[in-house]
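Dear colleague,

Please find below the structure that I am handing over to you. My notes on what was found in it follow directly after.

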Protein chains: 2
Amino acid sequence: MKRKNPAPPTTSNIHAPLLTAIRTLIPLSEAEEEIVCQLFKEKHYKKGSFFLAENEICRQAAFVISGFMRYYINDDGEEKTYGFAKPFNFACNYESFVPQNPSSQIIQALEDCVLLTISYDDLLRFYEQVRYGDRFGRLVIEQVFIQTLKDRNSFYTDSPEGRYEQFIREHKDLLQQISQYHIASFVGIKPQSLSRIRKRLARN
Amino acid sequence: MKRKNPAPPTTSNIHAPLLTAIRTLIPLSEAEEEIVCQLFKEKHYKKGSFFLAENEICRQAAFVISGFMRYYINDDGEEKTYGFAKPFNFACNYESFVPQNPSSQIIQALEDCVLLTISYDDLLRFYEQVRYGDRFGRLVIEQVFIQTLKDRNSFYTDSPEGRYEQFIREHKDLLQQISQYHIASFVGIKPQSLSRIRKRLARN
């Protein structure tokens, strides 16, 4: 399902978007860029394969280079999609990654994906070896925490229409690529109800 | 409702438990201890008063020295208690504090409280001036994030008995001080149902 790229760990083109993303939050010296390139390894996931399977411990975080993935849970046989990881986003299940506990959440590639992944231990090395590494970690988890709470609240307080409109706002770029089935699951309704909502919105 | 203590900002007895709590996560030099004592200010909240009122922006985080507080939301007039802040715990609503947005959550003193509080801007100073300040921030928010998700999941997946037993495990020290009304709210049931659960558990 996945294979490591054997390329030597030097600053490469593939790491450029990651370095840019990190530099929006903290400064990076040239030596630190080199560390980032060594710690984040290129991995490929085929469409349909699992970056994180159910009950597996999340042992790595990823930066998406191409393709996209969905987050979902298996609720008594019913799949509930609650988020997407797109190019130039980080992907991780902190709930499993931080305490290194088995994950109830699943992260699945919906297209062939190229990721830059970092293991739990290598992330600790990143925090240790990069001057502002802990700041980067703090800022990322702050964003993820706030977004997670927002998403969960939305599930209980927003209408399906509201959630569909939010999906369009946040994922316009994925609209053509994600199936109606997965969008309906994210909105929290059946595909036929989503179809009715889309027709109603198209009329207005 | 609250008043500042005008004591000079030097290492004082009142800051000792806070320094101990910080030192369990990161090393602190003597100069950094001095910074912590200057940035965390003593404040007193009377029983019933609000550390964070509804729709207010959470502009400070606190370390509880004495007394305790509850976290709750006002759900269409019904109060839903979802957590407690006890001595030597940090208290903050990150969901409001990090983005500096109005809070839907409320933090109320259930006893007279002595707190050491730090403003949002002073916390950024702490991150800047303390060598491992960002690491401390990262580790605390990691813990809060995981605990928040655990608490929320528990509300949807655990039985009232299970939640009551969890409350007893985690807050044995508060059992005599917290009213049955607030415990029932935390468990997610009416006080009379809690009374039945307690009788059943006492029999077993």
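**The sheet of chain A**

Asp75(A) has Glu78(A) as its bridge partner in β6(A). Before going further, please keep in mind that this is a predicted model. The pair belongs to the ladder between strand β5 (residues 69–75) of chain A and β6(A), which run antiparallel and are joined by seven bridges. As general background, strands of a sheet pair through backbone hydrogen bonds, either parallel or antiparallel.

These two strands are part of an open sheet of four strands in chain A, ordered β3-β8-β5-β6 with antiparallel pairing. Its edge strands are β3 (50–52) and β6 (78–85) of chain A, each of which pairs on one side only. On average, neighbouring strands of this sheet are turned by 35 degrees against each other, direction ignored. Helix α7 (residues 180–187) of chain A lies across β5 and β6 of chain A, and runs at about 95 degrees to β6(A).

**The sheet of chain B**

Chain B also has an open sheet of four strands, with the order β3-β8-β5-β6 and antiparallel pairing. Here the edge strands, each pairing on one side only, are β3 (50–52) and β6 (78–85) of chain B. From one strand to the next, the twist averages 35 degrees. β3(B) is joined by two bridges to strand β8 (residues 105–109) of chain B, and the two run antiparallel. Within this region, Phe50(B) stands opposite Gln108(B) in β8(B). Helix α7 (residues 180–187) of chain B lies across β5 (69–75) and β6 of chain B, at about 95 degrees to β6(B).

**Strands around β9 of chain B**

Which strands pair with β9(B)? One of them is strand β2 (residues 41–45) of chain B, which pairs with β9(B) in the antiparallel sense over five bridges. In that pairing, His44(B) stands opposite Val114(B) in β9(B). Another is strand β4 (residues 60–66) of chain B, whose antiparallel pairing with β9(B) extends over six bridges. Val114(B) appears here as well, as the bridge partner of Ser66(B), while Phe63(B) has Leu116(B) as its bridge partner in β9(B).

Strand β9 (residues 113–119) of chain B is mostly covered, with five of its seven residues buried. β4(B) is mostly covered too, and five of its seven residues are buried. In addition, β4(B) is joined by two bridges to strand β7 (residues 90–91) of chain B, and these strands run antiparallel. The bridge partner of Ala62(B) in β7(B) is Ala91(B).

**The nonpolar cores**

Ala62(B) and Ala91(B) appear again in the largest nonpolar core, which has 34 residues; those with the most contacts inside it are Phe51(B), Ala62(B), Val64(B), Met69(B) and Ala91(B). Not counting residues up to four places away in sequence, Ala62(B) touches Phe51(B), Phe90(B), Ala91(B), Cys92(B), Leu115(B), Leu116(B) and Thr117(B). There is a second, separate core of 33 residues, which includes Val64(A), Tyr71(A), Ile106(A) and Leu115(A).

**A residue of helix α1 in chain A**

Leu18(A) lies in helix α1 (residues 16–23) of chain A. Is Leu18(A) buried or exposed? Leu18(A) counts as buried because 20 C-beta neighbours are found inside 10 Å, and the cut-off for a buried residue is 20 or more. Leaving aside neighbours within four places in sequence, Leu18(A) is in contact with Val36(A), Phe40(A), Phe63(A) and Leu116(A). Leu18(A) and Cys37(A) are 19 residues apart along the chain, and their C-alpha atoms are separated by 9.0 Å.

**How the two chains are arranged**

Two copies of a chain are related by a rotation about an axis and a shift along it. In this model, a turn of 180 degrees and a shift of 0.0 Å along the axis lay chain A on chain B with an RMSD of 0.0 Å. That is the relation of a two-fold axis. The same surface serves both copies, as 100% of the contact residues of chain A recur in chain B. Of the residues of chain A, Arg138(A) comes closest to the rotation axis, with its C-alpha at 2.1 Å.

How many residues does each chain bring to the contact? The contact takes 15 residues from chain A and 15 residues from chain B. On the side of chain A that touches chain B, α3 (94–97) and α5 (133–157) of chain A each supply at least two residues. The most comes from α5(A), with 10 residues. By class, this side of chain A has eight nonpolar, one polar and six charged residues.

With kind regards

Key: Residues are numbered from 1 along each chain as its sequence is written. Chains are lettered from A and ligands numbered from 1 in the order in which they are written. This is a predicted model: local features need pLDDT of at least 70, side-chain atom pairs count only at pLDDT 80 or more; totals for chains, interfaces and linings use all residues. Copies are superposed by least squares on the C-alpha atoms of residues with pLDDT of at least 70 in both. Two residues are in contact if their C-beta atoms, placed from the backbone, lie within 7 Å. Ala, Val, Leu, Ile, Met, Phe, Trp, Tyr, Cys and Pro count as nonpolar, Asp, Glu, Lys and Arg as charged, and the others, Gly among them, as polar. A nonpolar core is a set of buried Ala, Val, Leu, Ile, Met, Phe, Trp, Tyr and Cys residues joined through C-beta atoms within 7 Å. A residue is buried if 20 or more other C-beta atoms lie within 10 Å of its own, exposed if 12 or fewer, and partly exposed in between; C-beta atoms are placed from the backbone. Two strands pair if DSSP finds at least two bridges between them. Axes are lines fitted to C-alpha atoms, for helices over the stretch in contact, and angles run from 0 to 180 degrees between N-to-C directions.
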